[in-house]
Amino acid sequence: MEDARILVVDDNEDNRFTLVRRLKKLGYQKPEIAVNGRDALEKLAAQPFDLVLLDIMMPEMDGYEVLETVKKDMRLRHIPIIMISAADQLESVVKCIELGAEDFLPKPFNATLLRARVSASLEKKTLRDQETAYRAQIVAEKKRTDDLLHAIIPALAVQELKQTGVVRPRTFNAVGILFCDIVGFTAYCDRNLPETVVAHLQALIEAFEKIVDNHQMEKIKTIGDAFMATSGLLRPVDAPLLTAVRCGLEMSRAAREMEPNWEVRIGLHFGPVVAGIVGKQQFLFDVWGDTVNIAARLVEHSSPGAVAMTAAAWQEIQDECDARSLGIIDIKGKGKLDIVEAYALR
């Protein structure tokens, strides 16, 4: 309270001197003065104050006008104002309170009454400031929570979670699943400092996230150096499979341009998946199904810079991209599949 910034506004020098002296006796060491209403508004606009003691009867701009101006200003309206005047008639008190004054103090000044009303007004402002700070903290914490949710769950899943409290598991019938893996990442880790590895990997993943978002796809997760994304899951796209191919080729180009000139392998598949959230601690939005398994296993068969897929999938987009055959490959859990890899868009 002793550090409270109090502005005394009165056109009478004797009144200003008396108020400032009494305030200092009460322990308030930083009272400032304004010699008229316009001077008061200039000082209020220039620096923060905790309380204003405002005389009513002043030339040019009286206390009523100053009070009304302050309470209309969204930056200043929170400042408590105690009106001071020899005119202690009920009409003056009522008008001041209606305009938003915190309290009313008659002249001549009573030291006990001055102390009580100044102290009460400052205490109320402190409580209001604390309430404002708490509200701001709640808003900040809510934003932090939202940011954390968006970091681990796709945006539309976050929206559903907020609206219903759950993300309902469901089947999606036409989803592109993309897996990307860095070539030689383990050997790279062995040759470099951990700080270097993490910094380079972080830059690459951020670039992948941006590319995925630009293609209206959803990043699902990273597993070590592997990156997984979906096309046509929660965000509708016209051609999920072709979109995933375009995204994969762009990711491959971007990786080559980034230090240490990464090479990546990409595999994708297209078909039905089940999606939902699992876990209570460090929970994760994820997708499951045969489509996911095939996409994950195709990664190891792709060449750096190309996107591996089944020949059946490529036939759906053969007019849009160039591909080369990898032949019949025995895929774990699926048997022999005809595999191709797309290497360029037409």
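How far apart do the C-alpha centres of domain 1 and domain 2 lie? They are 67 Å apart, in a model that is predicted.

**Figure 1. The two domains of the predicted model.** The domain assignment gives domain 1 as residues 6-132 and domain 2 as residues 167-345. Keep the 67 Å between their C-alpha centres in mind as you move through the close-ups below.

**Figure 2. A close-up of D55 and its surroundings.** Here we visit D55, which belongs to strand 3, residues 51-55. The unreviewed UniProt entry places the feature "modified residue: 4-aspartylphosphate" at this aspartate, D55. With a relative accessible area of 3%, D55 is buried, because buried means under 20%. Setting aside neighbours within four places in sequence, the contacts of D55 are V9, D10, D11, G63, I84, S85 and K107.

**Figure 3. The salt-bridge network of D10, D55 and K107.** Two of the contacts of D55, D10 and K107, return here as its partners in a network of salt bridges. Within the network, D10 pairs with K107, and their closest N and O atoms are 3.4 Å apart. D10 sits in the loop between strand 1 (6-9) and helix 1 (13-25), while K107 sits in the loop between strand 5 (103-106) and helix 5 (111-152), so this pair ties together parts that are 97 residues apart in sequence. D10 has a relative accessibility of 1% and therefore counts as buried.

**Figure 4. A salt bridge between R117 and D103.** This view shows one of the 20 salt bridges in the structure. The side chains of R117 and D103 meet at 3.7 Å, N to O. Since R117 lies in helix 5 and D103 in strand 5, the pair ties together parts that are 14 residues apart in sequence. R117 is partly exposed, at 23% relative accessible area, and D103 is also partly exposed, at 22%.

**Figure 5. A salt bridge between K219 and E209.** For K219 and E209, the N to O distance is 2.7 Å. K219 comes from strand 7 (residues 218-223) and E209 from helix 8 (residues 194-214), so the pair ties together parts that are 10 residues apart in sequence. Both side chains belong to partly exposed residues: K219 has a relative accessible area of 28%, and E209 has 31%.

**Figure 6. Cysteines without a disulfide.** The count of disulfides is 0. For C189, the nearest cysteine sulfur is that of C180, 15 Å away. C189 counts as partly exposed at 27% relative accessibility, whereas C96 is buried at 0%.

Conventions:
Residues are numbered from 1 along each chain as its sequence is written. This is a predicted model: local features need pLDDT of at least 70, side-chain atom pairs count only at pLDDT 80 or more; totals for chains, interfaces and linings use all residues. Side-chain values use heavy atoms; hydrogens and water are left out. Domain bounds come from an automatic or database domain assignment. UniProt positions are given in the numbering used here, feature names are shortened, and annotations may be inferred rather than shown by experiment. Helices (H or I, at least four residues) and strands (E, at least two) are DSSP runs, numbered from the N terminus. Buried means under 20% relative accessible area, exposed over 50%, partly exposed in between (1.4 Å probe, protein chains only). Contact means heavy atoms within 4.5 Å. A disulfide is a pair of cysteine sulfur atoms within 2.5 Å. A salt bridge is a side-chain nitrogen of Lys or Arg within 4 Å of a carboxyl oxygen of Asp or Glu.
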